[in-house]
Amino acid sequence: MSAIQKNVEAASEKYSSSFTKGHLALPPAKKYLVLTCMDARIDPAQAFGIELGDAHVIRNAGASAPDALRSIIISEQLLGTHEIVLVKHTGCGMLTFSNSDAYGLVETNLGSEAVDELKTRNLDFLPFSDLEEEVKKDVKYLQDAKLVPNNVAISGWIYEVETGKTRRVV
């Protein structure tokens, strides 16, 4: 067992020994979801005031709305959420590369068969060069999607990893 796995096991034992929230309902109590980046410097519960059971938290590279759409549909249609809070952040890795950079890295590290698979899957890593514009673009993407009902409130934010502050963009 790796050191990480041992840590998970120990943390689980400690957490479960005083866990009292097993009664919480499956749908989020406050009927909203937060879409944010997978960046390890973001603690959505602490940064955005989310208590266990309040909201769905969807995380992916760059807080990408197109990448999260499947989970958003499930959250809204099956579990009753009716608000989306999209939060991207400063210092995001998605600002640092292009698709061709990512394809090149995959080829270097994993070989030509892996790149062929990327091409077959037509995988777009969804990098971006302007943080604020990308927040606006993703909010518009969700607003325009027929898969997201018109009555769903959607807002876009930027979390500053340097200060811990979050500011509304749209």
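**Figure 1. Strands E1 and E3 run parallel and are joined by four bridges.** Here Leu-35 stands opposite Leu-86 in E3. Strands, like helices, are DSSP runs numbered from the N terminus, with at least two residues (E) for a strand and at least four (H or I) for a helix. Two strands are said to pair if DSSP finds at least two bridges between them. Strands of a sheet pair through backbone hydrogen bonds, either parallel or antiparallel. Please keep in mind that this is a predicted model, in which local features need pLDDT of at least 70 and side-chain atom pairs count only at pLDDT 80 or more, while totals for chains, interfaces and linings use all residues. Residues are numbered from 1 along each chain as its sequence is written, and side-chain values use heavy atoms, with hydrogens and water left out.

**Figure 2. Strand E1 (residues 32-37) also runs parallel to E2, joined to that strand by six bridges.** Two of the pairs are easy to pick out: Thr-36 has Arg-59 of E2 as its bridge partner, and Cys-37 has Asn-60 of E2. Six of the six residues of E1 are buried, so this strand is largely enclosed by the rest of the structure. Buried stands for under 20% relative accessible area, exposed for over 50%, and partly exposed for values in between, using a 1.4 Å probe and protein chains only.

**Figure 3. Five strands form an open sheet in the order E2-E1-E3-E4-E5, with mixed pairing.** Strand E2 (55-60) and strand E5 (166-168) are the edge strands, and each pairs on one side only. From one strand to the next, the twist averages 25 degrees. Helix H3 (residues 65-78) packs on the sheet and touches E1, E2 and strand E3 (83-89), its direction making about 160 degrees with that of E2. Helix H6 (residues 131-144) packs on the sheet too, where H6 touches E3, strand E4 (153-159) and E5, and its direction makes about 165 degrees with that of E4. Axes are lines fitted to C-alpha atoms, for helices over the stretch in contact, and angles run from 0 to 180 degrees between N-to-C directions. Contact, here and below, means heavy atoms within 4.5 Å.

**Figure 4. His-89 is found in strand E3.** This residue is buried, with a relative accessible area of 1%. Leaving aside residues up to four places away in sequence, His-89 touches Cys-37, Asp-39, Arg-41, Ile-42, Leu-131, Ile-158, Tyr-159 and Val-161. Readers coming from Figure 2 will recognise Cys-37 as the bridge partner of Asn-60 in E2.

**Figure 5. Leu-26 lies in the loop between helix H1 (3-17) and E1.** Leu-26 is exposed, with a relative accessible area of 67%. With residues up to four places away in sequence not counted, Leu-26 touches His-56 and Leu-79. Leu-26 and Leu-79 are 53 residues apart in sequence, while their C-alpha atoms are 7.5 Å apart in space.

**Figure 6. Gln-46 lies in helix H2 (residues 44-48).** With a relative accessible area of 65%, Gln-46 is exposed. A good companion to show in this view is Gly-164: Gln-46 and Gly-164 are 118 residues apart in sequence and 9.8 Å apart in space, C-alpha to C-alpha.

**Figure 7. Ala-63 and Leu-126 are two loop residues, Ala-63 between E2 and H3 and Leu-126 between helix H5 (112-121) and H6.** Most residues other than glycine have a negative phi. Phi of Ala-63, however, is near 55 degrees, a positive value, and phi of Leu-126 is near 60 degrees, also a positive value. Ala-63 is buried, with a relative accessible area of 0%, whereas Leu-126 counts as partly exposed at 28% relative accessibility.

**Figure 8. Stepping back, the protein has six helices and five strands.** From the N terminus on, its elements run α-β-α-β-α-β-α-α-α-β-β. The C-alpha atoms fill a box of roughly 50 × 50 × 35 Å, taken along the principal axes. Of the 170 residues, 34% count as buried. Among contacts with a separation of 6 or more, residues 24 or more positions apart account for 66%.
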